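Reader: Please take one part of this model and go through it closely. I would like a connected account rather than a list.

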Amino acid sequence: RTDLIAWLRADATLAAALNAVEEESPVAASPPWLGIAASASADWSGKTHRGREVRIALELVERQEDPAALAATIAAIEHRIATLSPVQPGYRVVVTQVLRSRAERRARSVRAVLLEYSFRLLANPEE
């Protein structure tokens, strides 16, 4: 979670487009913001390596009337996640998979988009 949020925060395009990128839904930030809505992990070990499958649901909250601008922000998030380096301290990302996305309209012109991902990770044996 921490590595993913740090990777998303370091992107100049997302930094310019979002008021906050947080590990939890930010309490005080006004839209647009991105936060982890939910996460879960399960064992994904094999005979020779320890591993985990981590599922993360990111929530993008925006006050955006222009569907093209909202789509551009979503595309920037998806691109950034797709370019996450597989080599991380203590583990490797073996698989990054989009599970689903969902959008909804909320009160006061707020739109929320949920982006769900699965990451399959293997521990680095030398660490």
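Does Glu 53 count as buried or exposed, and at what relative accessibility?

Author: This is a predicted model, and what follows is computed from it. Glu 53 has a relative accessibility of 14%, and because the cut-off for buried is under 20%, Glu 53 counts as buried.

The residue is found in strand S3, which spans 51-62. The side chain of Glu 53 makes a polar contact of 2.7 Å with the side chain of Ser 118. Leaving aside residues up to four places away in sequence, Glu 53 touches Ala 40, Ser 41, Ala 42, Trp 44, Ser 118, Phe 119 and Arg 120.

The surrounding sheet is open and has 6 strands with mixed pairing, in the order S1-S2-S3-S6-S5-S4. In that order S3 stands between S2 and S6. The edges are taken by S1 (20-22) and S4 (87-88); each has a single partner strand, so one side of each is left without a neighbour in the sheet. At the S1 edge, the pairing with S2 (residues 33-43) is parallel and runs over 3 bridges, with Ala 20 opposite Trp 33 in S2.

Two helices that pack on the sheet also touch S3. Helix H1 (residues 2-9) is in contact with S1, S2, S3, S4, S5 and S6, and its direction makes about 165 degrees with that of S1. Helix H3 (residues 67-82) touches S2, S3, S5 and S6, and its direction makes about 10 degrees with that of S6.

How values were computed. Residues are numbered from 1 along each chain as its sequence is written. This is a predicted model: local features need pLDDT of at least 70, side-chain atom pairs count only at pLDDT 80 or more; totals for chains, interfaces and linings use all residues. Side-chain values use heavy atoms; hydrogens and water are left out. Two strands pair if DSSP finds at least two bridges between them. Helices (H or I, at least four residues) and strands (E, at least two) are DSSP runs, numbered from the N terminus. Contact means heavy atoms within 4.5 Å. Axes are lines fitted to C-alpha atoms, for helices over the stretch in contact, and angles run from 0 to 180 degrees between N-to-C directions. Buried means under 20% relative accessible area, exposed over 50%, partly exposed in between (1.4 Å probe, protein chains only). A polar contact is a pair of N or O atoms within 3.5 Å; within protein, one must be able to donate a hydrogen and the other to accept it, and residues adjacent in sequence count only if both atoms are side-chain atoms.
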